[in-house]
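The note below is intended for a colleague who is meeting this structure for the first time. The points are numbered and may be read beside the sequence and the coordinates.

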Amino acid sequence: MISHPSRHCTVELQALPSRIGQVRRIVSAQLRYWHLDPLIDRAALGVTELLTNVHLHARHDKTCTVKIELLLDRLTVSVRDHDPRLPEADAAEPLATRGRGLSMVAAMSESWGARPDGESGKVVWFTLSAPAPTPAGPARPPRRLVEEVPAETFAQVGPSTPARSAVAG
């Protein structure tokens, strides 16, 4: 069943904290534009975690590409970077302040994974089920035609006409 045509959006950036927030806002705005508001929170959380991993763990080059793609009834969010090391979801200690990102991505998504991309990079991705598009509401009723009535012209209003104010008091 085809519920949405194929759509995609790609953003290239340096995975720096200030840019991660910008990409989160871009992803949110794009999903709003596609009328996928129910996916915004999970997609924003997932892309934030993947970009934070690039910022914290990618060697040397922090340049990466974020791609969101809607195909049929599935939204895929992926991040490509230039570090060939594949990430691993570790079980973080209860009081650890780091190490839960990929576990969170796994918990909130339908699926996720990582694959090598060429000799010097990788792609980490996750998918979310996209809701069926809402059917268009009933067409607006046609406008009622209103008879045009000419307004009084300034020449017809004489100096003896008292001024009135719309302001009470």
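**Notes on the predicted model**

1. A search for disulfides across the whole structure, which is a predicted model, returns zero. Two cysteines may be inspected in this connection. Cys 9 is buried because its relative accessible area, 16%, is under the 20% cut-off. Cys 64 is likewise classed as buried, at 0% relative accessibility.

2. The overall arrangement is as follows. The chain contains three helices and five strands, and read from the N terminus their order is β-α-α-β-β-α-β-β. Of its 169 residues, 31% count as buried. Among contacts with a separation of 6 or more, 65% join residues that lie 24 or more positions apart.

3. Helix 1 has 17 residues, for which a span of 24 Å is expected at 1.5 Å a residue; the end C-alpha atoms lie 25 Å apart, in agreement. Its buried residues are Ile 20, Gly 21, Val 23, Val 27, Ser 28, Gln 30 and Leu 31. The elements covering these buried residues include strand 1, helix 2, strand 2 and strand 3.

4. Helix 2 covers residues 40-57, and its 18 residues should span 26 Å at 1.5 Å a residue; the distance between its end C-alpha atoms is 26 Å, which agrees. Buried positions in helix 2 include Ile 40, Ala 43, Ala 44, Gly 46 and Val 47. Further along helix 2, Thr 48, Glu 49, Leu 50, Leu 51 and Val 54 are buried as well.

5. Which elements do the buried residues of helix 2 pack against? They pack against strand 1 (7-14), strand 2 (63-71), strand 3 (74-81) and strand 5 (122-129), and also against helix 1 (17-33) and helix 3 (101-108).

6. The pairing of helix 1 with helix 2 deserves its own point. Their axes are 9 Å apart and the packing angle is about 155°. Because angles over 145 degrees count as roughly antiparallel, helix 1 and helix 2 are roughly antiparallel to each other. The crossing of helix 1 past helix 2 is right-handed. On the helix 1 side, the residues that meet helix 2 include Pro 17, Ile 20, Val 23, Arg 24, Val 27 and Leu 31. Their counterparts in helix 2 include Ala 43, Ala 44, Val 47, Thr 48, Leu 51 and His 55.

7. Helix 2 also packs with helix 3, at an angle of about 155° and with the axes 9 Å apart. Helix 2 and helix 3 are therefore roughly antiparallel to each other, and helix 2 passes helix 3 in a left-handed crossing. From helix 2, Arg 42, Leu 45, Gly 46, Glu 49, Leu 50 and Asn 53 take part; in helix 3 they meet Gly 101, Leu 102, Met 104, Val 105 and Met 108.

8. Two backbone positions merit a check. His 35 is not a glycine, yet it has a positive phi of about 60°. This residue follows just after helix 1, in the loop between helix 1 and helix 2. His 35 is exposed, its relative accessible area of 65% being over the 50% cut-off.

9. The second position is Leu 72, in the loop between strand 2 and strand 3. Its phi is near 55°, again a positive value in a residue other than glycine. With a relative accessible area of 38%, Leu 72 is partly exposed.

Terms used
Residues numbered from 1 in each chain as written. Predicted model: local features only at pLDDT ≥ 70, side-chain atom pairs only at ≥ 80, totals over all residues. Heavy atoms only, no water. Disulfide = S-S within 2.5 Å. Buried < 20%, exposed > 50% of the residue type's maximum accessible area, 1.4 Å probe, protein only. Helix = DSSP H or I, 4+ residues; strand = E, 2+ residues; numbered from the N terminus. Expected span 1.5 Å × (residues − 1). Contact = heavy atoms within 4.5 Å. Axes fitted to C-alpha atoms, helices over the stretch in contact; angles between N-to-C directions. Parallel < 35°, antiparallel > 145°, perpendicular 65-115°, else oblique. Left-handed = near helix turned anticlockwise from the far one by under 90°.
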